[in-house]
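Me: I'm new to this structure and would like a close look at one part of it. Could you walk me through how the two domains of the first chain sit against each other, and then show me what surrounds them?

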Amino acid sequence: MGRVDGSDEPLRQVLASAGHGPIFVEDRVQASVSAAPGEPVEARLLRVVGAALDGETARHLSDPFLEDLGGPVRPRLPLSRVLSEPDLDYLPWLELARRLSEGGWRTRIVGFHQKVWVSIEGEVAHDDRSACRIEIRGLDRPEVLLDLVLRPGDDVTPEVLGAVKERASRRSRAVGVEAGVGACVLAPGVAGLMAHELVGHALEGDVAWAGSRLSRFDEPLGPRDLRVIDDPRRGRAPWRIDDEGTAPRPVTLLASGRVGGRLLDRQTARRHEAVSTGHGRRGSYLDPVLPRMGCTYIDRGTTAAASIVPDTTRGILVRRMAGAHTDPWRGRAAFVVTDADRIEGGKVTDPLAPFVIEMDTIDALASIDRIGDDLTFDTCIGSCVRSGQPLATSVGAPTVRLRVIRVIP
Amino acid sequence: MTDWAASMGEESLLSDARSLWERARLATRGRSVEVYVKHARRWGLRRDPDRASLHEHEVLEVGTACRWTIDGERAVAHVAMVGTDLGRLQHVIESASAVPRTDPASLATEADPPEQREDREPAGARFDPVEVRQWMSEATSISSVELGLTTEILVGPGGWRTLRTRARSSALIGRLPQLVARRGFDVTHLPVAVDERAELVGSSPTLHLAPPAAAPLVMALVHAAHSSRPWVGEETGKGWDVQDQPASPEGLAGGAFDDAGFPTEARALAAGGRVIAGLDGPGTYWRRSYRDAPLPLPSTIVVGAADIRPAPARVIHACRVLPLDRENWMLELPGEPSRYVRTGPAELLRSVRGVFGSPDPTPDGVVTPGLVLERIVLR
């Protein structure tokens, strides 16, 4: 997408002179490319320009004129005509998707480039954010999905595709999992989703303020080397300032088996008599700010990761969880497991058909008995939706074992 | 009293849409062109986490979409943009030449403008912000409320125009916020409490799902069995009596014409224990937002009420559909403890054996009474 019109200088001048309540401006280009064998490659592009003015009455404006943001500017042009359009080099994605579809794969690539300006009392902060991911599925086993973070110049190698093909072939022999409780090994990265749902959501400032179950828990839980951290500067979709202009800092949510910090935006920071941790985000200019997770991860442990499956007599090895939702008040979450294997006698045996696992926050954390030394990020990629606001988030974890988990076949 | 319908600036929006259409014709060198402009105005209140104060907000969103015929009239291209700027429309149409995109919904022609050109919200769009604030101050279970008026204008090939307005109100209720929504601006019609009781005991093979629990299941089944490749002839339970009713007065979506300008009509999707139709073709083309091209989609799904049973003592108030793969779903029935049903869409269709209670509009776009599911195995 080519550049049009000018730089962001006119906008900066207006914001700097506006002098009233916080103003948030975003200019975002997002694209998705999809392809499947025998079908044409399709692409969608969207540019979104808008502003939120958080005064006495918060106003959310679609492509406003500069005057709407607080100062007389001539000529009267909508914001989208004043700014340089964000760059999103999606053309290589078309070629990659076409090549993969010719090889028999169903592919979807989604990405965005977002420019953000936040003005508070004349101080203007700026951030430039981008992220891109690719999903590759085999046609015959669509639940076998490879999720990759795609950075400029990245390719998908034959070795990677070979591994997906081999996995799809194995999964054609998937058997049903037995109901009940048992041990569960979460492959590298996967436990990050568990931390996101069970720990992160419960300690978002507003949820914690209202009394989520975990936020009220004052006893030790989990092993001493369990540390859960949220650091928006890491992962596939980092930010350097949040949507209120605050630089983010890592927050340790659990340490030494104790509940630690909270994820705070400005409003919830006031409630907690603390300062914002830089976790205030909006799904778009149309939405209010909420405290949100950025990159939630379980820190590296001390157990040799390679020893965890051999050390498990009977259980399941979860390789991918495709979706989850949580109830932070009851302290429960359910996860859809789309790729897993049975573990018998310390060995990985049959692949398992998709199933659901349910976790109780306190029981699940208390049940962790192995934390590996192979911290990995972004093996489960997805968006987090809260109060109708989607946000690209990251998770990470080493290999983790839980002694007991409830499996619903 | 605020009257949005009167203060909308409809004439100016119609004029903008016409100018955009003319610019699009030039930019596409005279191909068959359609321009869709959507203006959304929303006003609402949000309760502070301390539950004491209310914050007011107002949202103004304007978007434009344009479709035109390509490839010797065999396919349709689609672009969308925020705002109604003429220069930007020209730019996005020119940029679209590098973006392959075909649209499954056909474009109306110059010869088939809809008979009905206007479809206005019958109840108007009047509300008193002071009264809404007072109502919400007293309804402390509600964490936010919003009133929205959308105005959609379509300028079709040849320059024919349609206009539709819709007023809706919605609220988030409870700690795990549950969305409730109604047509119109009378917030006093919104429920102020949701039932979160967990009533599941034992392993009864019969489930009674109240409308909020039934609606997501109904929508998932409509997408599975009544899409553009419907399971015509498939056996269903007696309670699966389903229509798509674009003109339903309670419907949050729909209208006299679809989002491509084709006239709509009620369509029976299942009756007499069989799937009889799907959603496809002119009259079913709806846009999820101005950003999305029109697709064959449900408008307002109405579950029939021919054989309504009385409401039983124990009903389920929440249900989540968790798709495991194409053939297998897990229904999660939250409670203490949560219970699960492993099933599939075909099996579920057959298990809908009846309905109970009175039909309720839901934010999922479904108007449904409670559903009775039989031969269910709880896990």
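Reply: Sure, and keep in mind that this is a predicted model. The C-alpha centres of domain 1 and domain 2 of chain A lie 25 Å apart. Domain 1 of chain A covers residues 9–171, and domain 2 of chain A covers 180–408. Where they touch, domain 1 of chain A puts in 24 residues and domain 2 of chain A puts in 22.

Let's stay on the domain 1 side for a moment. Several elements of chain A each bring at least two residues to it, including the strands β1 (23–35), β2 (42–54) and β4 (105–120), as well as the helix α4 (158–171). β5(A) has the largest share, with five residues. Sorted by class, this side of domain 1 of chain A holds 14 nonpolar, two polar and eight charged residues.

Now step across into domain 2 of chain A, which starts at residue 180. Strand β7 of chain A spans residues 180–186, and it's mostly covered, with five of its seven residues buried. What does β7(A) pair with? One partner is strand β22 of chain A (residues 400–408), joined to β7(A) by six bridges and running antiparallel. If you want a spot to look for, find V185(A), whose bridge partner in β22(A) is R401(A). Another partner is strand β14 of chain A (residues 314–327), which runs parallel to β7(A) and is linked to it by four bridges. Here the pair to look for is A183(A) with G315(A) in β14(A). As background, strands of a sheet pair through backbone hydrogen bonds, either parallel or antiparallel.

Back in domain 1, β3(A) is worth a second look. This strand is one of the elements that supply at least two residues to the side of domain 1 that touches domain 2 of chain A. Strand β3 of chain A (residues 57–62) is also joined to β3(B) by five bridges, with the two strands running parallel. You can pick out A58(A) standing opposite H57(B) there.

That takes us over to chain B. In total, 40 residues of chain B are in contact with 43 residues of chain A. On the chain B side, β3 (54–70), β4 (75–82), α3 (86–95), β19 (329–333) and β20 (339–343) each supply at least two residues. β3(B) gives the most, with nine residues. By class, the chain B side has 16 nonpolar, 10 polar and 14 charged residues.

Two of those contributors, β19(B) and β20(B), also belong to a small story of their own. They sit in an open sheet of three strands, ordered β18-β19-β20 in chain B, with antiparallel pairing. β18 (320–323) and β20 of chain B are at the edges with a single partner strand each, so one side of each has no neighbour in the sheet. From one strand to the next, the twist averages 25°. Four bridges hold β18(B) and β19(B) in their antiparallel pairing, and L322(B) has M330(B) in β19(B) as its bridge partner.

Finally, zoom out to chain B as a whole. It has six helices and 22 strands. Its radius of gyration is 22 Å, close to the 21 Å that the globule rule gives for 379 residues, so chain B is as compact as a globular protein of that length. Buried residues make up 49% of those 379 residues. Among chain B contacts between residues at least 6 apart in sequence, 68% join residues at least 24 apart.

Note on methods: Residues numbered from 1 in each chain as written. Chains lettered and ligands numbered in written order. Predicted model: local features only at pLDDT ≥ 70, side-chain atom pairs only at ≥ 80, totals over all residues. Rg over C-alpha atoms; globule rule 2.2 N^0.38 Å. Buried ≥ 20, exposed ≤ 12 C-beta atoms within 10 Å, placed from the backbone. Contact = placed C-beta atoms within 7 Å. Nonpolar A, V, L, I, M, F, W, Y, C, P; charged D, E, K, R; others polar. Pairing = 2+ DSSP bridges. Domains from an automatic or database assignment. Axes fitted to C-alpha atoms, helices over the stretch in contact; angles between N-to-C directions.
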